[in-house]
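Hi everyone, thanks for making time for this. Let me put the sequence and the structure up on the screen, and then we can walk through them together.

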Amino acid sequence: MSTSATAVNQTRKLTISGKVFTIKDLRRVAEVFDKQASLAKRSDHHASTEYAITFSDDTTYQSDSIDLFSEASVAFPARPVKIAMSFRNFKLGRHISLTLDHGNASYGNLATISGSEPEWVLQNFQILKEALDAVRPQAAWLRNHQTLLLNLIALGIGNALVWAIGLVMDPLMKGIPVQKLPPESPWRQALLQSLPLLYCILWLMYWLTGICWAFGVRDWLLRVWPSVEFDFGLEHLKAERAKRTRLVAVATLVAIPIGRTILYDIMKSKF
C-alpha cells in the first residue's frame, strides 16, 4: 500500500506594539516582501505582491511596488491611518502579510508568515522580526506604568478638587465658632497619636475623589503616545505632536497639587 505525503502548513505571527514608524521603516520592512517577489519572478512562479496606504478619509493607495512608500505618496490632504503589505506565492503556498493601524487598537497590528516549508517560515520570520525590531520604540514612561499613572492622576485631581472646595468653604466657615481642644485633653492626645492613620485616610479621600476622572485623563494621555504611531505625512496632520505641547497643563494638574500638599504637611509637622 502506498501513501502520499500531505503538506502541513505552518503559520507564525508577530504582534506589533510600542513602535513609531517612518517612511524609512516601511521601506525596510517592504524589502522583505520585495525580495520574495523577486525570487518568485525569477523562478517563474505565479505570485502576487500588494502594498497599500489608507488615509483618514477612506482613500486608499495601492501598488505592487515598494515605491508606494515615499514622502510624495503620503503627502495627502488626509492623514495615513493604515498600512498593509502582502506577498503570496501560489505555486509554493507561501504567504507573508503585515497590517499596521495608527493608534492604540489591540488588533490589526500583526505580521503573519505561513507556508509548508518550516525552514522558509522560520528564516523569513526572523528577517521580518529584525526589520520590525529596528523601528524606533514608543519610549514613553507612561505606557509602561499605566497603573501607577492612573493612581498619580487620581491623587492629583482629587487633591486639586479638595483644595478648590476648601477655598470655597473657608469663607463660609469663618462665621461658625470652633472651640479648640485644650492641650491636656485626651482627645487631643488621641488625635496626635492617630496622625499617620488620618494622613493615610486623607490621601485615600483624594484618590477616591479623583479616580472617576483619572481614567479619562489617562486614556487621553495614552492616545497622545499611541501604541503604533505613523511619523510621516503632512506635518500639520500629526495630531499627537500638537497634543504633547499641551501636556504642561496635565503635568501641573498632577504634580503641583501633590507637591503642594506634601510640602504643606511637612512644614506643618515641623513648625
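Let's begin with E117, which counts as partly exposed at 28% relative accessibility. Please keep in mind that we are looking at a predicted model. Which residue does E117 form a salt bridge with? The partner is R94, and the closest N and O atoms of the pair are 2.8 Å apart. E117 sits in the loop between β7 and α3, while R94 belongs to strand β6, so this salt bridge links distant parts of the chain, 23 residues apart. R94, for its part, is buried, because its relative accessible area is 15% and the cut-off for buried is under 20%.

A search of the whole structure finds five salt bridges, and I'd like to show you two others. One is between K129 and D133, with 3.0 Å between the closest N and O atoms. These two are four residues apart in helix α3, which means that about one helical turn separates them. K129 is partly exposed at 29% relative accessibility, and D133 is partly exposed too, at 44%.

The other one joins R136 to D231, where the closest N and O atoms are 3.7 Å apart. Here R136 lies in strand β8 and D231 in the loop between β9 and α8, so the pair ties together parts that are 95 residues apart in sequence. R136 is partly exposed, with a relative accessible area of 46%, whereas D231 counts as buried at 17%.

Now, on to the sheet. What is the order of its strands? In this open sheet of six strands it runs β1-β7-β6-β5-β3-β4, with antiparallel pairing. β1 and β4 are the edge strands, each pairing on one side only. From one strand to the next, the twist averages 10°.

Two of the pairings are worth a look. β5, residues 80–89, is joined to β6, residues 94–101, by eight bridges, and A84 stands opposite T99 in β6. Between β3 and β4 there are four bridges, and here I53 stands opposite Y61 in β4. The hairpin of β3 and β4 has four residues between the strands, and D58 takes a positive phi near 70° there.

Finally, the helices. Helix α1, residues 23–42, lies across β3, β5 and β6, at about 20° to β5. Helix α3, where we met K129 and D133, lies across β1, β6 and β7 and runs at about 160° to β7.

That's my tour, so over to you for questions!

Notes
Residues numbered from 1 in each chain as written. Predicted model: local features only at pLDDT ≥ 70, side-chain atom pairs only at ≥ 80, totals over all residues. Heavy atoms only, no water. Pairing = 2+ DSSP bridges. Axes fitted to C-alpha atoms, helices over the stretch in contact; angles between N-to-C directions. Contact = heavy atoms within 4.5 Å. Salt bridge = Lys/Arg side-chain N within 4 Å of Asp/Glu carboxyl O. Buried < 20%, exposed > 50% of the residue type's maximum accessible area, 1.4 Å probe, protein only.
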